[in-house]
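Look at the sequence and the model first. Then follow the strands one at a time, and see what packs around them.

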Amino acid sequence: VEAVHLIADGKAPRIPQPKEGATYEGIQKKENAEISWDQPAAALHNWIRGHDKVPGAWTTINGQVVTFYGSSLLDASVPAGQELTIKGALRPGLVTKNGLVVFGNDGKMVLVRNLQFEDGKMIPASKYFSADETTALEFTEEEKKIAEDIR
């Protein structure tokens, strides 16, 4: 009751908060979000999920920083996929039709759905090996005629 009266009267003591430790901003730095691979799958998932969207949990793949988004624990048999070497990982990841499967030190799996590259380009993880492929648009003779008519 006394504290409430002091506040109401404008006489409550005011103690400035110290600047050190006054913010969570230091946790939000990109350099603090690198994935440490020597931990169980649940910890990997929590790390990725905890840094989703800002600043984004990241690792190095083929010499490039790649940020992981959208993780979930995968409780199934090891899916078929193309191996992807990840720096520091205990075993290669697998690019599958559903995304990138990574492994914890307990052998359990985490599924990552999206990847973002240093240039800002984001792709579904399942498209990692086809990300650089471009397909040329080819017209049939009928389509060429229609295009010419439109011009």
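A residue is called buried when its relative accessible area is under 20%, exposed when it is over 50%, and partly exposed in between. Keep that in mind for strand E4, which covers residues 93–96. Gly-93 and Val-95 lie on one side of E4, Leu-94 and Thr-96 on the other, and all are buried. Both faces of the strand are therefore covered, given the cut-off of under 20%. In a regular strand, side chains alternate between the two faces of the sheet. Remember too that this is a predicted model.

What does E4 pair with? One partner is strand E3, residues 82–84. E3 and E4 run antiparallel and are joined by three bridges. Gln-82 has Val-95 of E4 as its bridge partner.

E4 also pairs with E5, again in the antiparallel sense, over three bridges. Two residues link E4 to E5 in a hairpin. Two of the partnerships can be named. Val-95 is matched with Leu-100 in E5. Leu-94 is matched with Val-101 in E5.

Now move along to E5 itself, residues 99–103. Is this strand enclosed or open? Five of its five residues are buried, so E5 is largely enclosed by the rest of the structure. E5 pairs with strand E6, residues 109–117, in the antiparallel sense. Four bridges hold this pairing. Val-102 stands opposite Val-110 in E6. E5 and E6 form a hairpin too, with five residues between them. In that turn, Gly-107 has a positive phi of about 85°.

Next, look at what packs together. In soluble globular proteins, nonpolar side chains tend to be buried together. Here the largest nonpolar core has 22 residues. Which residues have the most contacts inside it? They are Trp-37, Phe-68, Ile-86, Leu-100, Val-102, Val-112 and Leu-115. Helix H2 (41–50), strand E1 (57–61), strand E2 (64–74), E5 and E6 each supply at least two residues of this core. E6 gives the largest share, four residues. Apart from this core lies another, of five residues. Its members include Leu-94, Val-101, Phe-103 and Met-109.

Trp-37 is a good place to pause. Setting aside neighbours within four places in sequence, Trp-37 is in contact with a list of residues that includes Leu-44, Thr-59, Phe-68, Ile-86, Val-102 and Phe-103. Asn-105 is also on that list. Phe-103 has another companion as well. Arg-91 lies over the face of Phe-103, at 3.6 Å from the ring centre. A similar kind of arrangement can be found elsewhere: Lys-53 lies over the face of Tyr-69, at 4.3 Å from the ring centre.

Not every buried residue is nonpolar. Take Ser-71, which sits in strand E2. Its relative accessible area is 14%, so Ser-71 is buried. What does the side chain of Ser-71 make a polar contact with? The answer is the side chain of His-45, at 2.7 Å. Not counting residues up to four places away in sequence, Ser-71 touches His-45, Ile-48, Arg-49, Val-110, Leu-111 and Val-112.

Aromatic rings are next. A pair of rings is described by the distance of the centres and the angle of the planes. The count here comes to three aromatic pairs. One of them is Tyr-128 with Phe-129: their ring centres are 5.1 Å apart and their planes stand at 90°, so the pair is edge-to-face. Tyr-128 is buried, because its relative accessible area is 13%. Phe-129 is at 34%, so this residue counts as partly exposed. Ring pairs link Phe-117, Tyr-128 and Phe-129 into a cluster.

Finish with a residue of another kind. Glu-141 belongs to helix H3, residues 141–150. Is Glu-141 buried or exposed? Its relative accessible area is 61%, so Glu-141 is exposed. Return to Val-95 in E4, one of the buried residues met at the start. Glu-141 and Val-95 are 46 residues apart along the chain. Their C-alpha atoms are separated by 38 Å.

Conventions: Residues are numbered from 1 along each chain as its sequence is written. This is a predicted model: local features need pLDDT of at least 70, side-chain atom pairs count only at pLDDT 80 or more; totals for chains, interfaces and linings use all residues. Side-chain values use heavy atoms; hydrogens and water are left out. Buried means under 20% relative accessible area, exposed over 50%, partly exposed in between (1.4 Å probe, protein chains only). Two strands pair if DSSP finds at least two bridges between them. A nonpolar core is a set of buried Ala, Val, Leu, Ile, Met, Phe, Trp, Tyr and Cys residues joined through side-chain atoms within 4.5 Å. Contact means heavy atoms within 4.5 Å. A polar contact is a pair of N or O atoms within 3.5 Å; within protein, one must be able to donate a hydrogen and the other to accept it, and residues adjacent in sequence count only if both atoms are side-chain atoms. Rings of Phe, Tyr and Trp (its six-membered ring) pair if their centres lie within 6.5 Å; planes under 30 degrees apart count as stacked, over 60 as edge-to-face and the rest as tilted. A charge sits over a ring if NZ of Lys or CZ of Arg is within 6 Å of the ring centre and within 35 degrees of the ring normal.
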